[in-house]
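Biologist: Thanks for making time for this one. Could you take me through the model, one question after another?

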Amino acid sequence: MCGIVGYVGRNEAAPILLEGLSRLEYRGYDSAGICVEQNGVLEVAKAKGRLQNLIAKTDGGAKLPGTLGIGHTRWATHGEPNERNAHPQVSGDGKFAVVHNGIIENYARLKQELIRKGCTFVSETDTEVVAQLLAYSYRQCGDVFEAVNQMLSQLEGTYALGIVCADTPDRVIAARKDAPLLLGYGQSENFLASDVTALLRHTRDVVYMDDGELAIITAEGIRIYDERRRPIEKEHQH
C-alpha cells in the first residue's frame, strides 16, 4: 500500500510532508520521496528503504525549503524498489511532478505513444507516464487545468494523484478514481492525503473525494470539481 501527502500554506512544506509520511509507515512501503517547489523549480529527494533514510538525506526537510510540496511512500508494482522508480515522478522537462497510488492499466501503450513523440523515460513506473503525458498535453494547450483533464481522459485503471507544476507554484492538484484520497482544511494552509492519519496533527476538518472528482488546493482554499468539471460543494467531516 502506498501513501500520499500534499501541503500548501505558509509553513515549510518538507517537514510536514515527512511527518505525514511517517504516520503512513504502517501501510508498508519500500521507498519514499518528496518534491518541494522552490522559486519556480521542483526540487525532488528520494530514498530507497525506510523513511528515516529520506529524513536523514534531507536533514529533516531543511535541505528542501519551500511552502508547497507532495510526498509519497511507495510499494513497488512497476519496476524494482530504487530511487529511480520512487515517487514523485517528474516529467522530462521538469515542469510536473506526480505522486500516484493505483495502477495505470494502459501505461505501456501510452508510454510507446509518448516515446514516438520524442519523450524519454528514466523509470520503469506507470506513474512516469502520467507526468510525461501531462507535460506533453501542457505543451499542446498551454493551460495546466486543461492539460490535467486531457491526461485524465486517456488513463485507464485506478489512481489517486497529487500533481504539482512549476508554472503554477501556488497549488497542488488532486484527482481520484477507485483509490482513496482526501482533502484537509487548515488556517491559511491546506492538505492532501491518502489516509486521514497523515493529517491529524494539523487538521481534523476533511473532505473525502469521490471518483472522477478533481481538486485545486491552494493556501487560500480548495476548489472541487465533479466528473463534468462543474464546481461543487462537499460536506466536511470531522
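**Around a histidine, two ring pairs and a helix pair**

Modeller: Gladly, and let me begin with a contact list. Leaving aside neighbours within four places in sequence, His72 is in contact with Cys2, Gly3, Ile4, Leu21, Ser31, Ala32, Gly33, His87, Val99, His100 and Asn101. Please keep in mind that this is a predicted model.

Biologist: Is His72 buried or exposed?

Modeller: His72 is found in strand 4, residues 68–74. Buried means under 20% relative accessible area. His72 has 0% relative accessibility, so His72 counts as buried.

Biologist: What distance separates the C-alpha atoms of His72 and Gly3?

Modeller: Gly3 is among the contacts of His72. Along the chain these two are 69 residues apart, and their C-alpha atoms are separated by 5.4 Å.

Biologist: Lovely. On to the rings: is the pair of Tyr7 and Phe191 stacked, edge-to-face or tilted?

Modeller: The structure holds 3 aromatic pairs, and Tyr7 with Phe191 is one of them. Planes under 30 degrees apart count as stacked and over 60 as edge-to-face, with the rest as tilted. The ring centres of Tyr7 and Phe191 are 5.3 Å apart and the planes stand at 55°, so the pair is tilted.

Biologist: Which strands does that pair link, and are its two residues buried or exposed?

Modeller: Tyr7 is in strand 1 (residues 3–8) and Phe191 in strand 10 (residues 190–193), 184 residues apart, so to speak of distant parts of the chain is fair. At 1% relative accessibility, Tyr7 counts as buried. Phe191, also at 1%, counts as buried.

Biologist: What kind of aromatic pair do Phe96 and Tyr138 form?

Modeller: This pair links strand 6 (residues 96–101), which holds Phe96, with helix 4, which holds Tyr138, 42 residues apart. Both Phe96 and Tyr138 are buried. With 5.5 Å centre to centre and 85° between the planes, the pair is edge-to-face.

Biologist: How are helix 3 and helix 4 oriented to each other?

Modeller: Helix 3 (residues 107–116) and helix 4 (residues 127–141) have axes 10 Å apart and pack at about 45°. Helix 3 passes helix 4 in a left-handed crossing. The angle falls outside the parallel, antiparallel and perpendicular ranges, and the two helices are therefore oblique.

Biologist: Which residues of helix 4 meet helix 3, and how many residues in the contact are nonpolar?

Modeller: From helix 3 come Tyr107, Leu110, Lys111 and Leu114, which meet Val129, Gln132, Leu133 and Tyr136 in helix 4. By class, this contact has 1 charged, 1 polar and 6 nonpolar residues.

Technical notes: Residues numbered from 1 in each chain as written. Predicted model: local features only at pLDDT ≥ 70, side-chain atom pairs only at ≥ 80, totals over all residues. Heavy atoms only, no water. Axes fitted to C-alpha atoms, helices over the stretch in contact; angles between N-to-C directions. Helix = DSSP H or I, 4+ residues; strand = E, 2+ residues; numbered from the N terminus. Parallel < 35°, antiparallel > 145°, perpendicular 65-115°, else oblique. Left-handed = near helix turned anticlockwise from the far one by under 90°. Contact = heavy atoms within 4.5 Å. Nonpolar A, V, L, I, M, F, W, Y, C, P; charged D, E, K, R; others polar. Phe/Tyr/Trp six-rings, centres within 6.5 Å; stacked < 30°, edge-to-face > 60°. Buried < 20%, exposed > 50% of the residue type's maximum accessible area, 1.4 Å probe, protein only.
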